[in-house]
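Good morning, everyone. Let me put the structure up, and then we will walk through it piece by piece.

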Amino acid sequence: MEPHRTVLGTPCSLKESYAKVSVLCSRCGELLARYRKRNGTKSNLIKMYVERIAEDTHSILAMESQIPACGENKEIACPGCERSFCRGPRLVKGRPAWKIIAGRVRMK
Ligand SMILES: [Zn+2]
């Protein structure tokens, strides 16, 4: 039987052009992640594509496996104060992303 192969990898050049922002807990200021965000800090953070997370500071946002097409509904809590700040992951345009809970994070 032929081994099942999946094609991984998207061009990195585009991702690299995004500004890297620090995502902090809005309550305790804990650094939650570093994220490559289009427009940098100019616009609100609504969601975080997993592939664009530059540093998963507490190893809480990494994906362990493929997510189902309907997505998942986990809540990720801040390691500092245990308030949840995002939900998911969900597929957005075919790519897994965490949805930020409004007001729970700030950017630097
Ligand atoms: Zn916190």
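Let's start with the whole chain. How much of it is buried? Of the 108 residues in the protein chain, 17% are buried. Please keep in mind that this is a predicted model.

Next, the contacts. Take those with a sequence separation of 6 or more: 43% of them link residues 24 or more positions apart.

Now the secondary structure. The protein chain has 1 helix and 8 strands. Going along the sequence, the pattern reads α-β-β-β-β-β-β-β-β.

I want to spend my time on one sheet. It is open, it has 4 strands, and the pairing is antiparallel. The strand order is β3-β7-β6-β5. Which strands stand at the edges? Those are β3, residues 47-49, and β5, residues 74-77. Each has a single partner strand, so one side of each is left without a neighbour in the sheet. On average, neighbouring strands here are turned by 30 degrees against each other, direction ignored.

A quick reminder on what joins such strands. Strands of a sheet pair through backbone hydrogen bonds, in either a parallel or an antiparallel way.

Let's cross the sheet, starting from β5. Its partner is β6, residues 84-92, and the two pair in the antiparallel sense over 4 bridges. One position to look at is K74, whose bridge partner in β6 is G88.

Move on to β6 and β7. These two run antiparallel, joined by 5 bridges. Here R90 stands opposite A97 in β7. The two strands also form a hairpin, with 2 residues between them. Look at K93 in that turn: its phi is positive, about 50 degrees.

One more step takes us to β3. It pairs with β7, residues 95-100, in the antiparallel sense, over 3 bridges.

Let me finish with a single residue, M48. It sits in strand β3. Why does M48 count as buried? Because it has 25 C-beta neighbours inside 10 Å, and the cut-off for buried is 20 or more.

What stands opposite M48 in β7? That is W98. M48 and W98 are 50 residues apart in sequence, yet their C-alpha atoms are 5.1 Å apart in space.

And which residues does M48 touch? Leaving out residues up to four places away in sequence, the list is Y35, I53, C86, A97, W98 and I100. You have met A97 already, as the residue opposite R90.

That's my tour. Over to you for discussion.

Definitions and conventions
Residues numbered from 1 in each chain as written. Predicted model: local features only at pLDDT ≥ 70, side-chain atom pairs only at ≥ 80, totals over all residues. Pairing = 2+ DSSP bridges. Axes fitted to C-alpha atoms, helices over the stretch in contact; angles between N-to-C directions. Buried ≥ 20, exposed ≤ 12 C-beta atoms within 10 Å, placed from the backbone. Contact = placed C-beta atoms within 7 Å.
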